[in-house]
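Please look through the sequence and the model shown here before reading on. The explanation that comes after them moves from the whole chain to its interior and then to single residues.

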Amino acid sequence: MSEALIIPAISRLEAIRVDIARALRDANRDASSVNLIAVSKTFDAAAITPVLEVGQRIFGENRVQEAAIKWPTLCEQFNGVELHLIGPLQSNKTAEAVDLFDCIHTVDREKIAASLGAEIAKQGKRIKLFIQVNTGAEPQKAGILSQDADSFIARCRDVHGLTISGLMCIPPVEDNPSPHFALLGKIAERNGLNELSMGMSADFEQAIRLGATYVRVGSALFGGR
Ligand SMILES: *Cc1c(COP(=O)(O)O)cnc(C)c1O
């Protein structure tokens, strides 16, 4: 990777931090109440290293396999890395996912909830879990439907013994994302959930105004994929 490509990633990170701070101020929120997930999917260690070097520690990947190849070495080089799975999880990958990740944002069906419950108990690992809600009811998109969210959250807790931290959504690309963020906030509130994983490169400021506690930013930081 050339110097010319390395420098912009760092200055883009700085600009994103400034935008996040401003959005938090505008919303009268505490300066430390949102976490930036640097979404490093498709980018290699050479692209990720400069971002680690300037102190970013929370990273998001959407594939278990890709993360398993890239991250063990980077985690040996840098202390305190927190890895978040933001892509769909298959039940035959839950053991590996629980071992590798600190947080999974995509709990979206009974089978996954059951296998995560079993695997977390087996590995005795503390892991932060989010339920993905398909707020736009898009047939091709993962996530529990909004109207099924309350009962699914209850089953995750009562049947599968999961501690759920919050909710995650990916609004339809063609929609104004704000109503989707607001809906996610409402579902979280009535279920006693404090964390909201919402907002990507194009809309993280809107998400912060509506209560995001994790924003997932990829292309605005690493460039186009
Ligand atoms: C890729 C991805 C992101 C980051 O998207 P950008 O638009 O590049 O910021 C966020 N969330 C999920 C679930 C993703 O798959």
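What follows is a walk through a predicted model, from overall dimensions to local detail.

The protein has 225 residues and a radius of gyration of 17 Å, which agrees with the value near 17 Å that a compact globule of this number of residues would have. Taken along the principal axes, the box filled by the C-alpha atoms is roughly 50 × 40 × 30 Å. The secondary structure within it comes to 9 helices and 9 strands. Of the contacts with a sequence separation of 6 or more, 60% are between residues 24 or more positions apart.

As for the surface, the accessible area of the protein is about 10,500 Å², and carbon and sulfur atoms contribute 51% of that area, while buried residues make up 49% of the 225 residues. The protein carries 24 positive and 27 negative charges, and the mean positions of these two sets are 2 Å apart.

Turning to the interior, the largest nonpolar core has 62 residues, and those with the most contacts inside it are Phe59, Ile104, Val107, Leu116, Ile131 and Leu167. The element that gives the most to this core is helix 1, which spans residues 3–26 and supplies 6 residues. A second, separate core has 8 residues, including Val39, Ile86, Phe130 and Met168. Ile131 is a useful residue to select in a viewer: once its neighbours within four places in sequence are left aside, Ile131 is in contact with His105, Val107, Ile144, Phe152, Ile153, Cys156, Ile164, Gly166, Leu167 and Met168. Two of these partners, Val107 and Leu167, are themselves listed among the residues with the most contacts inside the largest core, whereas Met168 is included in the second core.

Where does Lys70 lie, and is Lys70 buried or exposed? Lys70 belongs to helix 3, which covers residues 64–77, and Lys70 counts as buried because its relative accessible area of 12% is under the 20% limit. Beyond four places in sequence, the residues in contact with Lys70 are Ser40, Lys41, Thr42, Phe43, Asp44, Ile48 and Glu61. For Ile48, which is 22 residues away from Lys70 in sequence, the C-alpha to C-alpha distance is 9.7 Å.

Thr42, one of the residues in contact with Lys70, lies in the loop between strand 1 (35–39) and helix 2 (45–53). Thr42 has a relative accessible area of 54%, and is therefore classed as exposed, the limit being over 50%. The backbone of Thr42 also deserves a look, since phi there is positive, at about 70 degrees, although Thr42 is not a glycine. Ala137 is another residue other than glycine with a positive phi, in this case near 45 degrees. The loop that holds Ala137 runs between strand 5 (128–134) and strand 6 (144–145), and Ala137 is partly exposed, with a relative accessible area of 48%.

The last residue to consider is Arg109, found in the loop between strand 4 (103–107) and helix 5 (110–123). Its relative accessible area is 33%, so Arg109 is partly exposed. Not counting residues up to four places away in sequence, Arg109 touches Leu89, Gln90, Ser91 and Phe152, and Phe152 is also in contact with Ile131. The C-alpha atoms of Arg109 and Gly143 are separated by 7.5 Å, although the two residues are 34 residues apart along the chain.

Notes: Residues numbered from 1 in each chain as written. Predicted model: local features only at pLDDT ≥ 70, side-chain atom pairs only at ≥ 80, totals over all residues. Heavy atoms only, no water. Core = buried A, V, L, I, M, F, W, Y, C linked by side-chain atoms within 4.5 Å. Buried < 20%, exposed > 50% of the residue type's maximum accessible area, 1.4 Å probe, protein only. Helix = DSSP H or I, 4+ residues; strand = E, 2+ residues; numbered from the N terminus. Contact = heavy atoms within 4.5 Å. Rg over C-alpha atoms; globule rule 2.2 N^0.38 Å. Areas by Shrake-Rupley, 256 points an atom, 1.4 Å probe, with all protein chains shown as cover. Lys, Arg positive; Asp, Glu negative; His and termini not counted. Charge placed at Lys NZ, Arg CZ, Asp CG, Glu CD.
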